[in-house]
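Student: I have just opened this model and would like a guided tour. Could we look at one strand and its surroundings, and then at any enclosed space?

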Amino acid sequence: MRASQKDFESALRQVKLWKKDPGNEVKLKLYALYKQATEGPCNLPKPGMMDLVNKAKWDAWSALGSLPKETARENYVDLVSSLSAASEPPSPAKPAADGEQAGGDLVVTSENHITTITFNRPAKKNAITTQMYRDIMLALQAASKDDSVLTVLTGNGDYYCSGNDLTNFTDIPPGGPEEKARTNAVLLREFVDYFIDFPKPLVAVVNGPAVGISVTILGLFDLVYASDRATFHTPFSPLGLSPEGCSSYTFPKMMGPSKAAEMLIFGRKLTAQEACAQGLVTEVFPDSTLQKEVWTRLRAYTKLPPNAVRTSREVMRSKGRERLHAVNAEECEALRQRWLSEECASAVLRFMSRKAKL
Ligand SMILES: CCCC/C=C/CC(=O)SCCNC(=O)CCNC(=O)[C@H](O)C(C)(C)COP(=O)(O)OP(=O)(O)OC[C@H]1O[C@@H](n2cnc3c(N)ncnc32)[C@H](O)[C@@H]1OP(=O)(O)O
């Protein structure tokens, strides 16, 4: 059945009522279909390379070619109705009370003296959004004060985490790319500082492939247990980026400068066994037994005298903390500049256009 002008207007009103941001990809599709339905094919000049947002919008609209206005209107109505019918948006993450589970892109649970923070965006391979960085910091703040002995980070689905959500870079504020780069650098520095200063043992249960920042911060963890399906990938150079999470310091210290260079400069992806041999991973488990073996072990660790555990950790960590803060500051400044580079802009556009399924 063809969508009428009334259906189209009703879909436009419906979009305004959505409580949850549908994400940049959906917004781009809606934008393109709206423009095509109301103005016809795109005949605007192509925006400059660094004007990421307008360039992405232009690409999405232009990709519709000579699609008739009526078909665009119909596709818009169909898209809105399919999205409106989809499941209710999850609630935002919050630090949980004992045993409580919060839904959303981040799930925080606290049970048996273990606080677990789970990346919960499996459809996006658990890519970390700006909100998730903030929610992780809130969760760490709460976990540092609760009665847990250990804090665990893990992922839901086939990935542990695909790193920074690359669409973070498309939402340019009024101050332009410079302001975006500055606020990202502040956010990143604060985020990594939370891991440097966290007072209790941090454990990663790496259930699948890990990319980018989810790999680099592992150098700040006490234990890293990985599935034999996990891989460890830091593709910074291809993205026009440079290392973060203090990895420029922790990785060479842990695996030697040359192995660290292979990962951090040349983007070599490590298997779980290789990462274990390099000291990044504590132990590798068959995927089928990972959960059972790891959680049994962690529960046993929580029975250890908690003050002794904290004291041992503090004496192991305190000496390097100041250095780590300095490294973090330096890495964030380098990244602030990288984010403004054409190399980085092209890489993000490449990723976005790969995904433009309009
Ligand atoms: C402000 C602080 C900044 C800190 C900076 C940190 C630096 C980094 O973390 S750099 C690393 C950034 N991450 C990446 O480069 C990974 C990009 N993703 C991929 O290469 C691939 O998606 C994958 C290898 C992880 C998985 O490939 P696969 O073919 O199996 O699945 P896809 O169809 O590509 O992905 C499914 C779905 O997930 C979306 N997605 C995956 N990763 C990201 C991401 N990092 N950012 C945003 N979205 C991501 C992907 O677009 C797909 O979505 P759709 O199904 O809607 O198309």
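**A strand and a cavity**

Tutor: Happy to! This is a predicted model, and we can begin with strand β3, residues 150-155, which is mostly covered, with six of its six residues buried.

Student: Which residues of β3 are buried on each side?

Tutor: In a regular strand, side chains alternate between the two faces of the sheet. Both faces of β3 are covered. One side has Leu 150, Val 152 and Thr 154, and the other has Thr 151, Leu 153 and Gly 155.

Student: Which residue of β3 is the bridge partner of Thr 115?

Tutor: Look at strand β2, residues 114-119, which pairs with β3 in the parallel sense over six bridges. β2, helix α5 (residues 130-145) and β3 also make a right-handed β-α-β unit. Within β3, the partner of Thr 115 is Thr 151.

Student: Which residue in β4 does Leu 153 stand opposite?

Tutor: Strand β4, residues 202-206, runs parallel to β3, and four bridges join them. The chain crosses from β3 to β4 through helix α6 (residues 176-197) in a right-handed β-α-β crossover. Opposite Leu 153 in β4 stands Ala 204.

Student: How do the residues lining the largest cavity divide into nonpolar, polar and charged?

Tutor: The largest cavity has a volume of about 130 Å³. Twelve residues line this cavity, and Leu 52, Phe 169, Ile 172, Pro 177 and Trp 339 lie nearest its centre. Helices α6 and α14 (342-354) are the elements that give two or more residues to the lining. The lining residues divide into eleven nonpolar, no polar and one charged.

Definitions and conventions:
Residues are numbered from 1 along each chain as its sequence is written. This is a predicted model: local features need pLDDT of at least 70, side-chain atom pairs count only at pLDDT 80 or more; totals for chains, interfaces and linings use all residues. Side-chain values use heavy atoms; hydrogens and water are left out. Buried means under 20% relative accessible area, exposed over 50%, partly exposed in between (1.4 Å probe, protein chains only). Two strands pair if DSSP finds at least two bridges between them. A crossover is right-handed if, with the strands pointing away from the viewer, the path from the first strand over the helix to the second runs clockwise. On a 1 Å grid over the protein atoms alone, a cavity is a set of points where a 1.4 Å probe fits but cannot get out, and a pocket is an open set with protein on both sides within 12 Å along at least five of seven lines; lining residues have an atom within 4 Å of a point. Grid points are joined across faces, edges and corners, and a volume is the space filled by probe spheres set on the points. Ala, Val, Leu, Ile, Met, Phe, Trp, Tyr, Cys and Pro count as nonpolar, Asp, Glu, Lys and Arg as charged, and the others, Gly among them, as polar.
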